[in-house]
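Got the structure loaded? Here is a quick read of how the protein meets its DNA.

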Amino acid sequence: MITAEHLRAVAGWARDLPEADIEYARRGIVEKTFGKGAYICHRGDRFDYWTGVVSGLVRLGSVSKSGKEVTFAGLPPGGWFGEGSLIKGEARRYDLLTLRETRLAMMNRATFLGLFENSVAFNRYLVRQFNERLGQFIALVEHDRMHSTAGKLARNLAWLLNPVLNPTVGLRIEITQEELGLLSGLSRQMANQGLKALEQAGLVRLEHGGLTVLDLDRLRGYGDGSDMDD
DNA sequence: TCATTAAGCGTTG
DNA sequence: CAACGCTTAATGA
């Protein structure tokens, strides 16, 4: 069990909830640590928790028919996921894999459904999250032809630091170039090369074991229209 | 053929 | 000690 204070620290959505709802949510959440490279659940599994990343990094993806690993999204600390499967009462449609040691907050299904039924603030949050995800998906289809490595990196970084989806991350994120590569479908070398290009463009500042985004808006739109360089 | 990658290794923070 | 940068041999479009 966790404290209300802790919940507010790791869950952006909790900050908008009235005290009674926070108390209710708090009682339905347990935390658990997963080792690096651990599967939280496989596609097809039942996993009856709504889940938030407290620390670490999770990759959401699946394996295509030809056996290729496909990444759909990376989940940094502050990201919550799984509401679709819970609401529909379905099995998971994606694999969830930790890229490094990761601590998860797990809300049981009954509690999640209780909030979903009764809390206006919680539903407002869910709608915002759905809407933001949809927007990202549309953007992905829209400029599908983002073949440059820097472009892929820029897109994935912008996703990770999306303030609506991951309100607690801020502009600085702890992530290695290798991990960023895994999320972007790039090797370590290419990730390094692409990141340096983004740094030269003045969009990010590279640090040891992490980076800071200097201009999230421009990062978002990187590769749109005119400049299609590498 | 040329670009990309995994693997290894020295350097760095 | 883990992240980074670089070299090299293998791989594959």
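The notes below go from the ground rules to the sheet and then to the two DNA strands.

This is a predicted model, in which local features need pLDDT of at least 70 and side-chain atom pairs count only at pLDDT 80 or more, while totals for chains, interfaces and linings use all residues. Residues are numbered from 1 along each chain as its sequence is written, chains are lettered from A and ligands numbered from 1 in the order in which they are written, and side-chain values use heavy atoms, with hydrogens and water left out.

Let's start with the scaffold. Three strands form an open sheet in the order β9-β11-β10, with antiparallel pairing. The edges are β9 (172-173) and β10 (204-207), each with a single partner strand, so one side of each has no neighbour in the sheet. Strands here are DSSP E runs of at least two residues, helices are H or I runs of at least four, and both are numbered from the N terminus; two strands pair if DSSP finds at least two bridges between them. Between β10 and β11 (residues 210-213), which run antiparallel, there are 4 bridges. Glu207 sits opposite Gly210 in β11. Helix α8 (residues 188-200) packs on this sheet and touches β10 and β11, its direction making about 130° with that of β10. Contact there means heavy atoms within 4.5 Å, and the angle, on a scale from 0 to 180 degrees, is between N-to-C directions of axes fitted to C-alpha atoms, for helices over the stretch in contact.

Now the DNA. A residue is near a strand if one of its heavy atoms lies within 4 Å of it. For DNA strand B, that gives Ser187, Arg188, Gln189, Met190 and His208. Of the strand B atoms within 4 Å of the protein, 33% belong to sugar or phosphate and the rest to bases.

DNA strand C has Thr176, Gln177, Arg188, Asn192, Lys196, Glu207, His208 and Gly209 around it. Here 68% of the strand C atoms within 4 Å of the protein are sugar or phosphate, and the rest belong to bases. Helix α8 supplies the largest share of the surface near strand C, 3 residues.

The table lists polar contacts, meaning pairs of N or O atoms within 3.5 Å.

| Protein atom | DNA atom | Distance |
|---|---|---|
| Ser187 side chain | strand B phosphate oxygen | 2.7 Å |
| Arg188 side chain | strand B base oxygen | 3.2 Å |
| Gln189 side chain | strand B base nitrogen | 2.4 Å |
| Arg188 side chain | strand C base oxygen | 2.7 Å |
| Gly209 backbone | strand C phosphate oxygen | 3.3 Å |

Notes. A polar contact is a pair of N or O atoms within 3.5 Å; within protein, one must be able to donate a hydrogen and the other to accept it, and residues adjacent in sequence count only if both atoms are side-chain atoms.
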